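Grab a pencil and try these exercises on the structure shown here. Each task comes with a solution, worked step by step.

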Amino acid sequence: MRRITEIFSFRSVATLCVLTTGTGLAFQTSNSNSKFVSSPSDSRSTSLDFGEKIRAAVNGFRRSSRAISTISLVVLDYKYSLQGVVANSEEYRLKLSEVHRRSANRILKLCQVNKGFYVKAGQFVASLRQTPNEYSSILSSLQDQAVPCPFKDIKDILICNLGSDISAIFLSLDEQPIAAASIAQVHRGILKNNQEVAIKVQYPGLMQHVKIDITVMSFLSRTISWLFPDYRFQWLASEFEKTIFMELDFIHEARNAERTYENFKNNNLIKIPQVYWEFTTRQVLTMEFCEGHKVDDIEFMRQSGIEPAKVAKALVEIFAEMIFVHGFLHGDPHPGNILVSQDHLNGFTLVLLDHGIYKQLDEEFRLNYCQLWQAMITLDTNKILQLGEQFGVPKYCRYFPLIFTGRSFDSTSALGMGMSNEEKRNLKQELKLLKMEDISSFMESLPPDFLTVLRTDGLLRSITRKLGVSQRVRILTYAKFALRGSSPKLNPETDNIVKVAYFRLKTNLSYLYFRLILAGIEVLSNFQKFMHDVYSLCGKFIYASKTLPMLSFL
């Protein structure tokens, strides 16, 4: 009875929070961002704005209420389903997985109903490597669930941004979108100069919804942290808030595209669509139209004679160069944002789309991250510990090799070949001692740049896995570009030719040295495995030879 009373009391409080907070946040955010026309001579305009304000507030209340009630149910589920169960036991793990699955389905339903910002938030959570598998698998379905906006509303946005006569700009404009995402949809068109373009148009009223939803999300993350001190998610809300407002500014996206084009202008394997600035605003982005298929469309590659392994290698090289060399990183490399198109010169070209989310890595972080990869390749544990101090996670840096290379801190196994059974057993025992508080502390302590790199690396791993390429390819590519990123940045057009040649030779020799170390580790690992198999066979032979005389005696 006491338990029932506690649950009833908790639900009552949750319901009260839904009603008061949902209403308050909706009206407060609507008030702070709506524009009143207070001219007494235009009462109709004032009345219209007031009506829009009321509708926005009501809509905000509904969305906020759904969010708060959903998260309240999730909190209750975790709180009471796991109560009394021994932590780290088999029963605990099974129940935790069930709660993860139920909660992920609730959040999926919330994202599908509220749409827009919530779909983006769900995609963001699904792409994080630290997200439980149940959430990743269920929320990943949001990638292809955006519902297009009616063309009438899209046309209004175009007229508002480009002028009343869009027929003076476009020879033709397809009313049916070729792509629809969480914040915008894309239409195909032809300019007056016969240039085929893709026009990305932001959904109407999106900024208003985002401001309300961000406020609610921040409130929910603080509430969860208060109810469950071990589960701290403010870092997640903060990171997402930064990315979403950047993505809503298409001028910012266009500049990112042009900067990326400059960084890769000498690379024939990557194409960045050209921006048409005269038809680009904060809500409308007009770019060159590029044909292509999703980067994980293996069937298309086979039909076109393109090797998936080469595509995977080129993809990893592009992003490795972004991370280790330029320090300017595309933050959302899911398959829908990377196309593969046929090219007569190279066989294929990778078309990089959606440049709304980019991260300018801190220069000190970039150099330290280059050193971290070199240390993980050579298993320089002292260097990893030293860099862990600089990254602000001295207690948890021993897990860096596990996160990025799949090896334990003191592993002797070959790179990209997995861990031995003994290493797995030891690691399993070690991880059992970790609590949710440790994971929260680890994520909060990491520099923001590290979180971006982790997310990007997780998305790349997923794509390369689908393309059937081993993680060894990714690891070796990262090692190569980590060396290049550690070298002084030189420009062959302006710097001394001898100096440029010297540092290129030094980088190549260092990479060759790494490859020799890796080959040595692999030979040693294979030899150890061979000797283990020999000892096992000898043991079986000795046992059999002892058993046979006993059988013949019987």
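What follows is a short set of ground rules and then five exercises.

This is a predicted model, in which local features need pLDDT of at least 70 and side-chain atom pairs count only at pLDDT 80 or more, while totals for chains, interfaces and linings use all residues. Residues are numbered from 1 along each chain as its sequence is written, and side-chain values use heavy atoms, with hydrogens and water left out.

**Exercise 1. Get an overview of the chain.**

Task: Find how many helices and strands the chain has, and what share of its residues is buried.

Step 1. Start with the secondary structure: there are 19 helices and eleven strands. Helices (H or I, at least four residues) and strands (E, at least two) are DSSP runs, numbered from the N terminus.

Step 2. Now look at burial. Of the 554 residues in the chain, 46% are buried. Buried means under 20% relative accessible area, exposed means over 50%, and partly exposed lies in between, with a 1.4 Å probe and protein chains only.

Step 3. Check the surface too: about 28,900 Å² is accessible, and 57% of that belongs to carbon and sulfur atoms. Accessible areas come from the Shrake-Rupley method with a 1.4 Å probe; for residues, only the protein chains shown count as cover.

**Exercise 2. Map the partners of strand β3.**

Task: Work out which strands pair with β3, and whether β3 is enclosed or open.

Step 1. List the pairings. Strand β1 (residues 170-173) pairs with β3 in the antiparallel sense over three bridges, and strand β2 (residues 179-180) does so over two bridges. With β4, β3 shares seven bridges, again antiparallel. Two strands pair if DSSP finds at least two bridges between them.

Step 2. Pin each pairing to residues. Ser172 has Ile190 of β3 as its bridge partner, Ala180 stands opposite Gln185, and Arg188 is bridged to Ala198 in β4.

Step 3. Follow the turns. Three residues make up the hairpin link from β2 to β3. Between β3 and β4 the hairpin has four residues, and Asn194 takes a positive phi near 70° there.

Step 4. Go one strand further: β4 (residues 196-202) also pairs with β6, antiparallel, over five bridges. Val197 has Glu288 in β6 as its bridge partner. In β6 (residues 284-288), five of the five residues are buried.

Step 5. Answer the enclosure part: β3 is largely enclosed by the rest of the structure, because six of its eight residues are buried.

**Exercise 3. Zoom in on His187.**

Task: Decide whether His187 is buried or exposed, and find what its side chain meets.

Step 1. Place the residue: His187 sits in strand β3 (residues 184-191).

Step 2. Read its accessibility. His187 counts as buried because its relative accessibility is 1%.

Step 3. Look for polar contacts (pairs of N or O atoms within 3.5 Å; within protein, one must be able to donate a hydrogen and the other to accept it, and residues adjacent in sequence count only if both atoms are side-chain atoms). The His187 side chain makes one with the side chain of Gln185, at 2.9 Å. A polar atom of the His187 side chain also lies 3.3 Å from the backbone oxygen of Glu175.

Step 4. Widen the view to contacts, meaning heavy atoms within 4.5 Å. Leaving aside neighbours within four places in sequence, His187 touches several residues, including Phe151, Leu173, Pro177 and Val197.

**Exercise 4. Size up helix α3.**

Task: Compare the span of helix α3 with the expected one, and say whether Lys109 is buried or exposed.

Step 1. Helix α3 (residues 90-114) has 25 residues and reaches 36 Å from its first C-alpha to its last, close to the 36 Å expected at 1.5 Å a residue. The expected span is 1.5 Å times one less than the number of residues.

Step 2. Several α3 residues are buried, among them Leu96, His100, Ala104 and Cys111.

Step 3. Lys109 lies in α3 as well, but counts as exposed because its relative accessibility is 57%.

Step 4. Just after α3, Lys115 takes a positive phi of about 55°.

**Exercise 5. Describe a ring pair.**

Task: Find how the rings of Phe391 and Phe450 are arranged.

Step 1. Rings of Phe, Tyr and Trp (its six-membered ring) pair if their centres lie within 6.5 Å; planes under 30 degrees apart count as stacked, over 60 as edge-to-face and the rest as tilted. The count comes to 14 aromatic pairs.

Step 2. Phe391 and Phe450 are edge-to-face, at 5.1 Å centre to centre with 80° between the planes.

Step 3. Phe391 is in helix α13 (residues 381-391) and Phe450 in helix α17 (residues 448-466), 59 residues apart.
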